[in-house]
Amino acid sequence: MKKYKAVVIGVSAGGMKVLTKLLSMLPENFSLPVMIVQHLHPSQSDFYIRHFNEKCALTVKEADEKEKIQSGYVYFAPPNYHLLIEEDRSFSLSCDEKVNFSRPSVDVLFESAVDVYHSDLIGIILTGANNDGAYGLQLIKNNGGLTLVQNPSEAESAVMPQAAIAAGGADDILSAEEIGNLLIRLDKKQQTPVYS
Amino acid sequence: MTDNEIEKIEIDLFLEAVFRRYGYDFTHYAKASIRRRVRNFLQKTGYTRVSEMIPEVLYNESFFANLVFDFSVTVTEMFRDPDFFLSVRNMIFPYLRTYPFIKIWQAGCATGEEVYSLAILMTEAGLYEKSTVFATDFNDPALKKAKEGIYPIKNVKDFTANYQKAGGNLSFAKYYHAQYDSVIMDKYLKQRITFANHNLATDGVFGEMHLILCRNVLIYFDRELQNRVLSLFKDSLIHKGFLCLGTKESLQFSDVCDDFKLIDAKNKIYQKKF
Ligand SMILES: C[S@@+](CC[C@H](N)C(=O)[O-])C[C@H]1O[C@@H](n2cnc3c(N)ncnc32)[C@H](O)[C@@H]1O
C-alpha cells in the first residue's frame, strides 16, 4: 500500500474560512505533518495562528528556520518568507524574490516538498485569487503524489483552483469537507498495522 | 538512481568547482534554497543540466560574476520590520550613548537600505557624529548600489511609512533628494559609512564593535556555517556589545547561545555577556 508522509496546502484569498473548516476536521491522532502556504499581509500578526490553534486538535505554529518536521503539527509559512523543506526533514526560510507575486509562494513550498518526499506527498490547492501553486501541484502529480483541488464552484475565490485544474495537476476535485474526510481516511488506513 | 538524486550530485560538484576555483564557499548554504538558486540560474543560462555549467564556470570569470550576483538574494527595504528599529532606538541607543565613540558592523548590507535606516536613527539620536559604520557584503554590484544610495522613487512611500512606524517623527523627505524617478540619500548619511567586501563564509574579524547587525543572512546558511559566523560575531564584539539578527533567526541551538543574553525576543536583539 502507498504510504504518504506529508500534506502540503496552498491557499490565498478566502483562506481563513476554508482552512478553519478543514483544520478543525483533523483528529488529534492525525499523523501526517501539514505544511501550509497562505498568502497573508507581510506584517500580519500571529492572530491567525492563535485562531487556528483554538479550532484544531493538532498543534498549529509558524515554521521556524531549521525546525524538525513532526507529526501532529500544522506548520504555516511565516508571512513574508518562503518556506522550503530540507533533505533531513527540517525547514528552511528564505526572503528570495517573490514568486507569482507572492512570498511565501505555494510553488516554492511544493517544489521543495517534491524534492524530499517524492511520491509520498499529498498536495492540496484551495481558494485563491491568483495562479500560485498551479505549477507546484502539477509537479507533485508528475512525481506520483496525490493532488486534490477544492471545487472552484465552492471556493470563495475560484481562480487558484481553476488555474491548478487547467494546468492539469488535479487528481481529484472535491469540496473542502470531502478533502478533509479523504485525508482522515487515508491516514487511518496507513496507521492500521498490516499483517501478512 | 533517480534524476533528482543525480541532480544532487551535480549541484555538489558545481558548488565544489566554484569554491576551488574562486574561493566563494556556497557548500554550507541551506541546501533547499541554494538548489532553488542553482535551478533558477541554470534556466537563465540556457543549459539543461547543472553539470554542463561546471566547465563554463571554471573557465569563464564573467559567468562566475553573474552567478554570485544571482546567488545572493539582495531583497531588502528601509526600516524593514519597523518594530525592530523602534527597539534599537529604545533599548540599544541608551547604552551606546555612554561610549565616547561607537563602532558598528552591518553584515550583509545588500543594496544599503538598512544601513541608511540606521544612519537616520543615529542622526536623530545625536549619535551619528561619534560613530563609524562598516557595511559589508560579498556581492560587489550590490555594494556599488549601496554606496550610491539611489533608490526608485516608487519605494519611498513604503520607506516613509516604515520610518514613521519605527518611531520617526520628522519629515522623511529631508533625508533624500528626488531626481526624476529616483531618490538619492543625503550625503550627510554616507559620511560615517564604509562599504567593503567581506565574505562571511571565508573572511575573518576586522575590528571590535559595539553593535553588529546581521539580518536575514543566516537563514541562508546551514548550522555549521551559522556557527562559524556567529562565533566570528562573538569575537568581533566588545563585552556587552549588541548583536541583532533577523526576526526569523535566533541564537537558540547555536554554539554561542550561552555567551549572549536575550534582550528583545521578538526583535532578536542579543547582548554579549561580560
Ligand atoms: C536578504 S539580504 C538581507 C539584507 C538586509 N540585511 C535586510 O535584512 O534587509 C541577504 C544579503 O546577504 C548577503 N550574503 C549572503 N551570503 C553572504 C556571505 N557569505 N558573505 C557576505 N554576505 C553574504 C547577500 O549578498 C545579500 O545581500
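The ligand in this predicted model lies between chains A and B. Let's work through its surroundings.

**Exercise 1. Work out which residues come nearest to the ligand, and how the shell around the ligand splits by class.**

*Solution.*
Step 1: Start with the neighbours, taking 4 Å between heavy atoms as the cut-off. There are 23 residues around the ligand, and the nearest are Tyr29(B), Thr76(B), Arg80(B), Glu114(B) and Asp137(B).
Step 2: Now sort the shell by class. You get 10 nonpolar, 9 polar and 4 charged residues.

**Exercise 2. Find the partners of the ligand's oxygen and nitrogen atoms in Arg80(B), Glu114(B) and Arg215(B), then say how much of the ligand the protein covers.**

*Solution.*
Step 1: Pick N/O pairs within 3.5 Å.
Step 2: Take the oxygen side. An oxygen atom of the ligand has a polar side-chain atom of Arg80(B) 2.5 Å away.
Step 3: Move to nitrogen. In the side chain of Glu114(B), an N or O atom is 2.7 Å from a nitrogen atom of the ligand.
Step 4: Don't stop at side chains. Arg215(B) places a backbone N or O atom 2.9 Å from a ligand nitrogen.
Step 5: Check the cover. On its own the ligand has 600 Å² of accessible area, and the protein covers 99% of that.

**Exercise 3. Count the cavities of 30 Å³ or more, and decide which one holds the ligand.**

*Solution.*
Step 1: Apply the volume cut-off, and 2 cavities turn up.
Step 2: Look at the largest cavity, which has about 420 Å³ of space. Its lining has 29 residues, with Val73(B), Gly108(B), Asp137(B), Asn216(B) and Val217(B) closest to the centre.
Step 3: Place the ligand: it sits in this largest cavity. Asp137(B) is thus a name you've met before, being among the residues that come nearest to the ligand.

**Exercise 4. Say what the confidence scores are for chain B and for the model.**

*Solution.*
Step 1: Go to chain B. Its mean pLDDT is 96, with 100% of its residues at 70 or more.
Step 2: Read the model's scores: ipTM is 0.93 and pTM is 0.95.

Methods: Residues are numbered from 1 along each chain as its sequence is written. Chains are lettered from A and ligands numbered from 1 in the order in which they are written. This is a predicted model: local features need pLDDT of at least 70, side-chain atom pairs count only at pLDDT 80 or more; totals for chains, interfaces and linings use all residues. Side-chain values use heavy atoms; hydrogens and water are left out. A polar contact is a pair of N or O atoms within 3.5 Å; within protein, one must be able to donate a hydrogen and the other to accept it, and residues adjacent in sequence count only if both atoms are side-chain atoms. Accessible areas come from the Shrake-Rupley method with a 1.4 Å probe; for residues, only the protein chains shown count as cover. On a 1 Å grid over the protein atoms alone, a cavity is a set of points where a 1.4 Å probe fits but cannot get out, and a pocket is an open set with protein on both sides within 12 Å along at least five of seven lines; lining residues have an atom within 4 Å of a point. A molecule sits in a cavity or pocket if more than half of its atoms lie within 2 Å of its grid points. Ala, Val, Leu, Ile, Met, Phe, Trp, Tyr, Cys and Pro count as nonpolar, Asp, Glu, Lys and Arg as charged, and the others, Gly among them, as polar. pLDDT is the predictor's confidence in each residue, from 0 to 100. Grid points are joined across faces, edges and corners, and a volume is the space filled by probe spheres set on the points.
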